[in-house]
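Here is a quick tour for anyone opening this structure for the first time. Have a look at it, and then we'll walk through how the pieces fit together.

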Amino acid sequence: MISFQPDFCEIALPEEGHYSIEDYGSSKARWCSGCGAHTILHSVQKLCEDEQLPPEKTVFVSGIGCSSRFPHYMKTYGFHGLHGRALPVASGVKFRRPDLNVFVITGDGDCCSIGAGHWVHGIRYNMKMVVLLFDNSIYGLTKKQTSPTSPLGTHSNTHPRGSVIPPINPIQSTLGFANVSFVAQTIDWKPAHLNATLKKAFDHPGLAFVRIVQRCPIWMRDTYEPTVKDPNALTLLDHEDGIVLDEKAKSTFRHIEQHDPSNLLKAREMAELVKETTPIGLFYQNKNAVRYDEYGAHNLGISVEERIGAINTLMDRYAI
Amino acid sequence: MISNPASQPSETNRFERTKIKEAVIEIVSDSGEGAQKCGQSLGAISAKMGNGVWTVEIIPAEIQPPARSKAGASGIRVRMGSNKITNMGDHADLVVALNEQVLYGRIDQNAYKPGTYLLIENKWATHTEETAIAYKESIEHFKELGYNIFEIPMEKECLKHVSDAKKGKNMWVLGLLCNLYDRDLEIAANQVKYIFRKKDEKIIQSNLELLYAGYEYANDNFPMHFTIPSKLSEEDYVVMNGNEAISLGVMAAGIEVCSMYPITPATSATHAMAETIESAGGIIHQAEDEIAAIGFAVGASYAGKTAVTITSGPGIALKTEFIGLAIMAEIPLVIIDVQRGGPSTGLPTKVEQGDLLAVLYGAPGDAPKVVLAPSTIEECFHFVILARKLAESFRTPVFVLTDANLATGVQPFPRPKIKAEWFPEPLDQSPWKEGVKVYDWDKHTGISKRPIPGQKGGMYTLTGLAHDEDSHVAYDPAINQRAVESRSRKLAALRETLKPPTIHGDEEGDLLLVGWGSTRGAIEEAAERAKEKGAKVSSIHLRFLSPMEPGLKNIFDKFKKVMTVEINYSDTVGNPLITVENRRYSQLAWYLRAQTLTDIDCLSNVYGQPMSPIQILQRLEKELNLTLID
């Protein structure tokens, strides 16, 4: 009998509990055809596969809006909650569950308008999670109302003669919030950059805020088509500590700027570029920012005896 | 080494003391003069002596309201007696006032009666000309009101012992009151030491000196000295206010996340647990707003951690959308509402039971809620534990409604023995049973078991949208009907486990009083006093408001008239435009009328004050055409 030496065997057998990309997919996504969310969904599922995230240990929390349907299309745990409130829920999930991988899916109305207060504080809490802002600059599900990121003059059903207030720049805003630790921008139509950004965000020890410029072919075709088609519309922020692309992917960009993501002041300056072009890449990263989820986990696992003891000590103060 | 320890007064019992069953004492002052500390100490000393005690704080809305003003009255009422005390009582027997102006706010609230002893700081008589005139006019006015006035050089006496009388006058007053009411001086001294335990020895000694000096002063300068017999119980007792009881309840319920946003009068519950909760396995999260506070708690609970959020009326208004989500998606959660006066910002520091209907119905669509209302300080503790159990068993939010009266009222009660079974079991991370749906609504009870993130095979997406048993978004008419029915059925299932309320008094009669929450003591005392005068009055007190305790209709049918007693608004028939037809009822009355088809009347007001027995007796006199008040 020939003994079989596994060391010589070159065939990679699927390990017990290996997850394929299909293991993360749930029902067929019901976004409009051509919507940027489809590519993001695929990219996120790919990240889950690459990282081999156990589906039962992964939670997608969303608010309300087109993008917030996202958790329904993942075969993980999901929380499709209230408009604007994904961050408080996700923070509550993560606070005392360090074992869970938490993702937040939010939109421009969800994050930058109705949930803006939570945006400021969610960033400040800096719990380890990935926050994906699907920014299509319009309210889609409610059928074309001006969003806080709609370019000035956007024609919508609430502003048929064009919006009258300049939009919020979510990157610049986020870079102004206390304890910010990771801010990146990417686009839905360049998978290589999207994938690399998601991977970088997932590896970040804190809250990774990623704004994804997302196409809405139904309501915002005129806004996105030029950006998608014009090779001059994008500027790649390049740095060895940033989102690293291979040479082939890099060669598709006409404008490349060097930007050191440890430089917060420069990051804020870069965020201003949005007036002429769309800068994509890692604006800022600080791996040492204070993390509130670490505080949340600091006293896990106290025994019931200890807990009763502490309460009785306090009760003694009231004893007569 | 203590160089100069304060020495106790030597002679203490050279006069006859009048034996009394109880006394109501108030201390009122400008904010920051320590009146509350003085009264709380008197309450604690009396409780330690075995007396029944109830204290109520008198709190201005501002931290530093103008000095010597009617609106700035800050202080405390202490009612103590030989037996158990359950409410603030009627009129004060004795009031210590550190200036005359603050008394006016209390006089407006009918806090005193002819014959009430008024012990007043007399330094104002020789203050600025303007103040002296105001003081003298007030003293004249108080005489006309029939108060028994003692003008006392409090500041002058204190200055014999300390350089700044503002600090410490309260301890001098405490000493004085300890003598007038025969309080045990050693217990009092220990209480003073306890209050200043974090200060250095010099401060402790100077406060003890003031305590003894006040005690000494009362030996010679008053004709009245009382004693309130008491019996020390064998059982261990604790003495605390309702918010402190809530805070201990939160920890004893094994709560792992207490998520809140500062709001009066709820926040002191969080203060009371802040130092201990982390050793007790929990953490307080102070959120960025009321909405985030409940959102965070909902997220934590979804992830399998026991969670509570504590707020007051305006916070409930903001949390309403999340409350609806928690009911829709069946997320266990304890929501504590320490009610205050409303609507809007209302009366932040005052008492009202105005949130009942908002809590019951304050969400779009059909959102069946479990609502409990503790009626004593002791119940504030136990109901949090009960609420957590119910929240998990029935997979739904559970409300605990208290109010500013319970929150700040202090009462002794038997010390609870913390049980290991009150704490949550370790997080269930065992694989989800194959084939079991996320909302496997039981046909009879509506109850289903929930998967918790980390459980293999239990993955689902929770949603606030209409959903089927798999938590899939579903707009199918039959599915929605079934889902709404199932959530409602849980209330019926819980109701099956409840007992009818106990009737306080006879099972039949002329009038039944129905109350909920903090009014219990006042209602039961009024009913007892009325009964002593021959009135056929009984009372019941509801602690489950949703689902309702069973058997109410049967109880109501045995009385000629049923009337709720509540601290919230109702129209008075006979006022302009108000008729029997258009009258708006108080909240429990409205709800009970709908639930039992009984013609239920109500006694209610929004003075922002705890209900006193005499207010109830006055109404009973009219209803029953009897003289019930001496």
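## Where the two chains meet

In this predicted model, 54 residues of chain A are in contact with 73 residues of chain B. Put together, chain A and chain B bury about 5,200 Å² between them, and 64% of that is on carbon and sulfur atoms.

What about the polar side of things? Across the interface of chain A and chain B there are 30 residue pairs in polar contact, both residues at pLDDT 80 or more. On the chain A side that touches chain B, the elements giving two or more residues are S2, H2, helix H4 (116-125), helix H10 (292-297) and helix H11 (304-318) of chain A. H11(A) provides the largest share of that side, with 12 residues.

The count of salt bridges between chain A and chain B is 2. Arg415(B) forms a salt bridge with Asp316(A), with the closest N and O atoms 2.8 Å apart.

For a close-up of a residue that touches chain B, try Ser91(A), in helix H2 (residues 86-95) of chain A. Is Ser91(A) buried or exposed? With a relative accessible area of 2%, Ser91(A) falls under the 20% cut-off, so Ser91(A) is buried. Setting aside its neighbours within four places in sequence, Ser91(A) is in contact with Tyr125(A), Met127(A), Met129(A) and Phe296(B).

## A sheet that takes in both chains

Next up is an open sheet of 10 strands with mixed pairing, in the order S10(A)-S9(A)-S11(A)-S7(A)-S8(A)-S4(A)-S3(A)-S1(A)-S2(A)-S17(B). Its edge strands are strand S10 (255-258) of chain A and strand S17 (461-463) of chain B, each of which pairs on one side only. From one strand to the next, the twist averages 20°.

How many bridges join strand S2 (residues 77-80) of chain A to S17(B)? There are 3, and the two strands run parallel. Phe79(A) stands opposite Leu462(B) in S17(B). Helix H9 (residues 264-271) of chain A packs on the sheet too, touching S9, S10 and strand S11 (278-285) of chain A, and its direction makes about 160° with that of S11(A).

## Salt bridges within chain A

Over all chains, a search of the whole structure finds 51 salt bridges. Here are some from chain A:

| Pair | Closest N to O distance |
|---|---|
| Asp135(A) and Arg211(A) | 2.7 Å |
| Arg215(A) and Asp188(A) | 2.7 Å |
| Asp238(A) and Lys250(A) | 2.8 Å |

Start with Asp135(A) and Arg211(A), which form a salt bridge. This pair links distant parts of the chain, with Asp135(A) in strand S4 (residues 129-135) and Arg211(A) in strand S8 (residues 207-213) of chain A, 76 residues apart. Asp135(A) counts as buried at 0% relative accessibility, and Arg211(A) counts as buried at 9%.

Then there's the salt bridge of Arg215(A) with Asp188(A). Arg215(A) lies in the loop between S8 and helix H7 (221-229) of chain A, and Asp188(A) in the loop between strand S7 (182-187) and helix H6 (191-203) of chain A, so the pair ties together parts 27 residues apart in sequence. Arg215(A) is partly exposed at 22% relative accessibility, whereas Asp188(A) is buried at 0%.

Asp238(A) and Lys250(A) also meet in a salt bridge. Because Asp238(A) lies in strand S9 (residues 234-238) and Lys250(A) in helix H8 (residues 247-250) of chain A, the pair ties together parts 12 residues apart in sequence. Asp238(A) is buried, and so is Lys250(A).

How values were computed. Residues numbered from 1 in each chain as written. Chains lettered and ligands numbered in written order. Predicted model: local features only at pLDDT ≥ 70, side-chain atom pairs only at ≥ 80, totals over all residues. Heavy atoms only, no water. Salt bridge = Lys/Arg side-chain N within 4 Å of Asp/Glu carboxyl O. Helix = DSSP H or I, 4+ residues; strand = E, 2+ residues; numbered from the N terminus. Buried < 20%, exposed > 50% of the residue type's maximum accessible area, 1.4 Å probe, protein only. Contact = heavy atoms within 4.5 Å. Pairing = 2+ DSSP bridges. Axes fitted to C-alpha atoms, helices over the stretch in contact; angles between N-to-C directions. Buried area = accessible area lost by both parts, 1.4 Å probe. Polar contact = N/O pair within 3.5 Å; in protein donor to acceptor, adjacent residues only side chain to side chain.
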